[in-house]
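Work through the exercises below with the sequence and the structure at hand. Each task is followed by a solution in steps.

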Amino acid sequence: MSLAAIFVFLLVSAVQMLECVLDLARRRGSISDDQLKLRMEITQLLKEASALSTPSTFAQAAKLKRLAAAKEKELAKIQDLNIKGKQSLHEQHDKILLVSKVLIYGVLILWFWSTPVTTVSKHLLQPFGRLFSWRGVDAATGRVVVGILPWLFLTSRVSKLLSEKLAPIFLHP
């Protein structure tokens, strides 16, 4: 296998891993200290309200429940503001990633358009050798010559699968 094939694979894998990391970050989101503090206060208030179950403490329990409901509304407002801000940030990241991906793929296609990326033995590509070949078979060695377009397709599929499996491992909290 040539160094060009490995270089293309590593570059495509890095782009796919970055895309997967950004997608995971978007799905997970982050909880700020204020949100965490409000959640703890809400659970504490609800615990105190449930402990007050006698008829003589009903008014105090109702007051604690109303206070917890008010804090839940405040938490919902904070989360809505965070979501709106993060959506625009993630949209910007997605656009930048798409543009960089197109540029990287374009540069790779222009760079390797007239030269093969790698050569592979015929029996490895049976029965799809013609799909991956670039100008047929190398007459000197009898090996199938793989062009940049099929190689980009293969490496993007493989690296996407690998990044989907490996990104959660690397980003485990």
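**Exercise 1: Ile169**

Classify Ile169 as buried or exposed, then place Ile169 in its surroundings.

Step 1. The relative accessibility of Ile169 is 58%, and exposed means over 50%, so Ile169 counts as exposed. The model is a predicted one.

Step 2. Helix H5, which spans residues 148-170, contains Ile169.

Step 3. On the surface, Ile169 belongs to a nonpolar patch together with Val158, Leu162, Leu166 and Phe170. The accessible area of these residues together is about 480 Å².

**Exercise 2: Ser163**

Decide whether Ser163 is buried or exposed, and find which residues Ser163 is in contact with beyond its neighbours within four places in sequence.

Step 1. Ser163 is also a residue of helix H5.

Step 2. Buried means under 20% relative accessible area; Ser163 has 3% and therefore counts as buried.

Step 3. Once neighbours within four places in sequence are left aside, the contacts of Ser163 are Gln16, Met17, Cys20 and Pro168.

**Exercise 3: The whole chain**

Describe the chain: which pattern does it follow along the sequence, and what percentage of its residues count as buried?

Step 1. Count the elements: there are 5 helices and 3 strands.

Step 2. Put them in sequence order, which gives α-α-α-β-α-β-β-α.

Step 3. Turn to burial: 28% of the 173 residues count as buried.

Step 4. Take the exposed area, about 12100 Å², of which carbon and sulfur atoms supply 66%.

Step 5. Consider contacts with a separation of 6 or more: 73% of them join residues 24 or more positions apart.

Key:
Residues are numbered from 1 along each chain as its sequence is written. This is a predicted model: local features need pLDDT of at least 70, side-chain atom pairs count only at pLDDT 80 or more; totals for chains, interfaces and linings use all residues. Side-chain values use heavy atoms; hydrogens and water are left out. Patches are made of residues with over 30% relative accessible area and no salt bridge: like charges are joined within 9 Å, nonpolar side chains (Val, Leu, Ile, Met, Phe, Trp, Tyr) within 5 Å. Accessible areas come from the Shrake-Rupley method with a 1.4 Å probe; for residues, only the protein chains shown count as cover. A salt bridge is a side-chain nitrogen of Lys or Arg within 4 Å of a carboxyl oxygen of Asp or Glu. Helices (H or I, at least four residues) and strands (E, at least two) are DSSP runs, numbered from the N terminus. Buried means under 20% relative accessible area, exposed over 50%, partly exposed in between (1.4 Å probe, protein chains only). Contact means heavy atoms within 4.5 Å.
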